[in-house]
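Reader: I'd love to go through the charged side-chain pairs in this model with you. Could you take my questions one at a time?

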Amino acid sequence: DVICATLEDVDNSHFQELWQNLHDQNPAIKFILLIPENILGSLILNCLQKYPVFRLSFVQNEKNLESDLMSAIEEARMSKQEIELEALVQEQNKSLKILYDDLEDRVQKRQSFLLEARRKTYIANARWESLREAMLAIYQAQSIGEMENNLLLALAPTLHLESLRVFLSPQ
């Protein structure tokens with residue numbers, strides 16, 4: 001999680017490759033640059049431009065180095081947790097999106113089903129009402145002609161009839 005290197009190590013041609021590999025494996029890695037006393041600022045500036053240095057620490061000051069290492073380890077752990085948390089949130093968002101899309105699809109299907117059921121219920125109720133009115137027309141009719149007329153009025157809207165004839169079978 002933490003790498004410490006001196007300016008001499010950083011100037012080495014293999015360090016760039018090492019740093020790149022370590023950073024690719026763990027983006028939360030922290031880099032502490034160990035600098036000797038009496039060093040030119042331009043060398044430090046060059047290193048700061050090339051690498052994301054977490055902290056500068058003097059080689060001679062071991063007490064501060066220990067504190068810097070602990071801070072870097074803690075910071076690396078926090079960065080790692082943030083990366084893992086962000087990945088978890090993205091994964092959960094994807095799952096929620098899939099569930100939301102599935103729910104929307106189900107709601108759409110359910111609405112279509114309910115509309116069809118409502119339409120069929122309306123048709124069945126209209127036919128039932130028409131049949132009830134036809135039964136009343138038969139019951140209330142005083143003659144065959146009146147029965148035909150009342151039945152035509154009762155059944156025409158739902159059965160789309162233009163005329164109706166009643167034939168009685170001989171008994």
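What follows is a short exchange about salt bridges and the burial of the residues involved, plus one further glutamate.

Reader: Happy to start broadly: how many salt bridges does a search of the whole structure find?

Author: Please keep in mind that this is a predicted model. A pair counts when a side-chain nitrogen of Lys or Arg is within 4 Å of a carboxyl oxygen of Asp or Glu. Searching the whole structure on that basis gives a total of seven.

Reader: Which residue forms a salt bridge with Arg-106?

Author: Let's look inside helix H4, which covers residues 62-140. The partner lies in helix H4 as well, four residues apart from Arg-106, or about one turn of the helix. The closest N and O atoms are 3.3 Å apart, and the partner is Asp-102.

Reader: Is Arg-106 buried or exposed?

Author: The cut-off to remember is that exposed means over 50% relative accessible area, with partly exposed between 20% and that value. Asp-102, at 34%, is therefore partly exposed. Arg-106 has a relative accessible area of 57%, so Arg-106 is exposed.

Reader: What separates Lys-109 and Asp-105 along helix H4?

Author: These two side chains meet in a salt bridge, with 3.4 Å from N to O. Lys-109 is exposed at 55%, while Asp-105 is partly exposed at 38%. Because they are four residues apart in helix H4, the separation is about one helical turn.

Reader: What is the N to O distance in the salt bridge of Glu-129 and Arg-132?

Author: Both residues lie in helix H4, three residues apart, which is about one turn of the helix. Each counts as partly exposed, with Glu-129 at 31% and Arg-132 at 40% relative accessibility. Their side chains meet with an N to O distance of 2.5 Å.

Reader: Let's move on to helix H5: is Glu-148 buried or exposed?

Author: Glu-148 has its place in helix H5, residues 144-159. Its relative accessible area is 11%. Buried means under 20%, so Glu-148 is buried.

Reader: Which residues is Glu-148 in contact with, leaving aside its neighbours within four places in sequence?

Author: Contact here means heavy atoms within 4.5 Å. Glu-148 itself sits in helix H5. With the sequence neighbours within four places left aside, the residues in contact with Glu-148 are Leu-164, Arg-165 and Val-166.

Note on methods
Residues numbered from 1 in each chain as written. Predicted model: local features only at pLDDT ≥ 70, side-chain atom pairs only at ≥ 80, totals over all residues. Heavy atoms only, no water. Helix = DSSP H or I, 4+ residues; strand = E, 2+ residues; numbered from the N terminus. Buried < 20%, exposed > 50% of the residue type's maximum accessible area, 1.4 Å probe, protein only.
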